[in-house]
Amino acid sequence: MSGDPAPALELQDIQSGVLRPRPSPYAATYILFLIDEARAGRELMGRLSRVVTAASEPRSAAGDTWVSVALTFQGLKALGTPQASLAGFAWEFQQGMAARATTLKDVGESSPEHWEWPLGTADVHVVIAVVAPTAESLEAALARARTAYEAMSGVTAIWRQDCHALPDETEPFGFRDGINHPAVEGSGIAGTDPHETPLKAGDFVLGYVDEMGGFAPTPQPDLLGRNGTYMVFRKLHQRVADFRRYLGAQASDPAEQELLAAKMMGRWRSGAPLALCPMHDDPEVGGDRARNNDFRYADDAAGYATPLGSHVRRMNPRDTPIAGDARLHRMIRRGAAYGPLLPKGVTEDDGADRGLIFTFIGAHLKRQFEFVQSEWVNDGVFVALAGARDPMTGSADGGGTFSIPRRPIPRRLKGLPQFVVTRGGEYCFMPGLRALRWLAELGG
Ligand code: HEM
């Protein structure tokens, strides 16, 4: 903890989905709404303000279950939010994710013209996210949420995605997910990395001092912006068969394939970090929350254990010397898997849609999500790997490369295809609970 006084976060006014790590295991559902009539949209905000869980409730009546609500810029407009308030939102949010495609490297197959309808269109106004530890508690929370919107004219549910935990808490490529969660000052929620000083609340919630010592621009009136934040919502399709085939083409020995996979991710499939287990996977370390984040990279400057270009090292360089300050680009992130598991050993694509619904929380869209997506995922200049993209999630075009430091000479993987394709997404604003009520009372 820093020596500053605790920032007294107004937890009773902040949505629980802002600060919490997702439960493990989990089940989740995301529903998108179109507001046809402003009056109905405002009524929906009022009803949802009674369903959304506040961050002050460490456990809701249904355990680790929560309902969150977020609005796109188009959604705020559809409610009739005054122009003076709209103008105060972050510029990237006002533009919307589809308009930011070039910056985000959502190009080629990931470009918005190929996105799944209605993602990226002006029809997406409200996102309701329900996250729970079990299918039963999810159903119970969904039933509560349904009372807010069912049988209501003027508001239409237009898209839904159900997500579910895969065996061993893995994401569809087969790596354990949901391991690292940063600590936020004043949240009362412990972080998972014992070496990371808690991050300033203002990097995650509007109205508080941030890592730069200032405040993220906050829309007015204060009631609207305070205790709100931005949520990045993305549907990422994963080409699991291609990933397996690529590994198979690089090495015939299954153990070597696993080593290559771990080098690309920075962790073994069990979650065990290469930093602690450089030679072999160790499922005990991978599953041990006291150990699987207890490492630094300082003694591995060249990346012999964890390549500088691997997914987790570039997404969180920890103490790696980089161009810039890694703390300014931290995010709260949650991945929730959708689609059927590709059975073990299958290397032919079965045509099924599978991947992750990713949500990122941060008060600064530009310096957190957008920066990481454009500079750290899709360029390597910050760790002196100019042009080398993230081998797992970068927007490769069949010509990607990945360097694995090794003695006497590094191993260089070539011809990396694109394993992750963006199916769509939205920039959203997650209002505080008072702001939800303020929105409900607009115009009346
Ligand atoms: C389908 C695409 C993706 C997959 C399969 C994936 C998978 C993973 C896995 C398995 C981990 C390790 C688990 C953990 O640390 O909790 C991880 C960590 C992480 N990922 Fe991804 N990821 C994807 C996309 C992204 C994107 C697009 C970003 C950012 C723009 C991102 C940011 C992060 C961050 C910040 C971490 C935590 C690293 C740490 O703190 O050590 N991921 N990811």
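His311 is part of helix H12, which runs over residues 311–315. In this predicted model, that residue has a job at the ligand: its NE2 atom is 2.1 Å from the iron, and His311 is the only protein donor the iron atom has. His311 also turns up among the residues closest to the ligand, along with Ile179, Asn180, Asn316 and Arg318. In total, 27 residues surround the ligand.

Besides the iron, what else does the ligand touch? One of its oxygen atoms is 2.7 Å from an N or O atom in the side chain of Asn180. For Gly178, the backbone does the work: a polar backbone atom there is 3.4 Å from a ligand oxygen. On the nitrogen side, a ligand nitrogen is 3.2 Å from an N or O atom in the side chain of Arg333.

Now for the place where the ligand sits, which is the largest cavity. Strand E5 (229–238), H12, strand E7 (355–362) and helix H13 (366–377) each give two or more residues to the shell around the ligand. Sorted by class, that shell has 14 nonpolar, 7 polar and 6 charged residues.

The cavity itself has a volume of about 810 Å³. Its lining counts 44 residues, and those closest to the centre are His311, Met315, Arg333, Phe358 and Thr393. So two names come back here: His311, the iron donor, and Arg333, whose side chain has the 3.2 Å contact with a ligand nitrogen. Two or more lining residues come from each of E5, H12, E7, H13 and strand E10 (420–430). H13 provides the largest share, with 4 residues. By class, the lining of this cavity has 19 nonpolar, 15 polar and 10 charged residues.

How many cavities of 30 Å³ or more does the structure hold? There are 4 of them. The second largest has about 100 Å³ of space. Among its 14 lining residues, Tyr30, Trp66, Val131, Arg334 and Thr359 are the closest to the centre. Strands supply much of the list here: strand E1 (27–35), strand E2 (66–71), strand E3 (126–132) and strand E6 (332–338) each bring at least two lining residues. E6 gives the most, with 3 residues. The class count for this lining is 8 nonpolar, 4 polar and 2 charged.

On to the pockets. The largest pocket has a volume of about 630 Å³. It has 22 lining residues, and Phe173, Gly174, Arg244, Arg269 and Lys344 lie nearest its centre. Helix H9 (240–250) and helix H10 (254–265) are the elements that give two or more residues to that lining.

The second largest pocket has a volume of about 380 Å³. It is lined by 21 residues, with Arg20, Pro21, Arg22, Pro23 and His181 closest to its centre.

Here is how the linings of the two pockets and two cavities break down by class:

| Site | Nonpolar | Polar | Charged |
|---|---|---|---|
| Largest pocket | 8 residues | 7 residues | 7 residues |
| Second largest pocket | 6 residues | 7 residues | 8 residues |
| Largest cavity | 19 residues | 15 residues | 10 residues |
| Second largest cavity | 8 residues | 4 residues | 2 residues |

Finally, a few backbone details. Where are the cis peptide bonds? One joins Trp117 and Pro118, with omega at about 5 degrees. Pro118 is in the loop between helix H6 (101–104) and E3. That E3 is the strand that supplies at least two residues to the lining of the second largest cavity.

Another cis bond runs from Arg407 to Pro408, where omega is near 0 degrees. Pro408 sits in the loop between strand E8 (400–404) and strand E9 (411–416).

Lys105 is worth a look on screen too. Its phi is near 60 degrees, a positive value in a residue other than glycine. You'll find Lys105 in the loop between H6 and E3, and Pro118 lies in the loop between those elements as well.

Conventions
Residues are numbered from 1 along each chain as its sequence is written. This is a predicted model: local features need pLDDT of at least 70, side-chain atom pairs count only at pLDDT 80 or more; totals for chains, interfaces and linings use all residues. Side-chain values use heavy atoms; hydrogens and water are left out. Donors are N, O and S atoms within 2.8 Å of the metal (3.2 Å for Na, K and Ca); water is not among the atoms, so sites may look incomplete. A residue is near a molecule or strand if one of its heavy atoms lies within 4 Å of it. A polar contact is a pair of N or O atoms within 3.5 Å; within protein, one must be able to donate a hydrogen and the other to accept it, and residues adjacent in sequence count only if both atoms are side-chain atoms. On a 1 Å grid over the protein atoms alone, a cavity is a set of points where a 1.4 Å probe fits but cannot get out, and a pocket is an open set with protein on both sides within 12 Å along at least five of seven lines; lining residues have an atom within 4 Å of a point. A molecule sits in a cavity or pocket if more than half of its atoms lie within 2 Å of its grid points. Ala, Val, Leu, Ile, Met, Phe, Trp, Tyr, Cys and Pro count as nonpolar, Asp, Glu, Lys and Arg as charged, and the others, Gly among them, as polar. Grid points are joined across faces, edges and corners, and a volume is the space filled by probe spheres set on the points.
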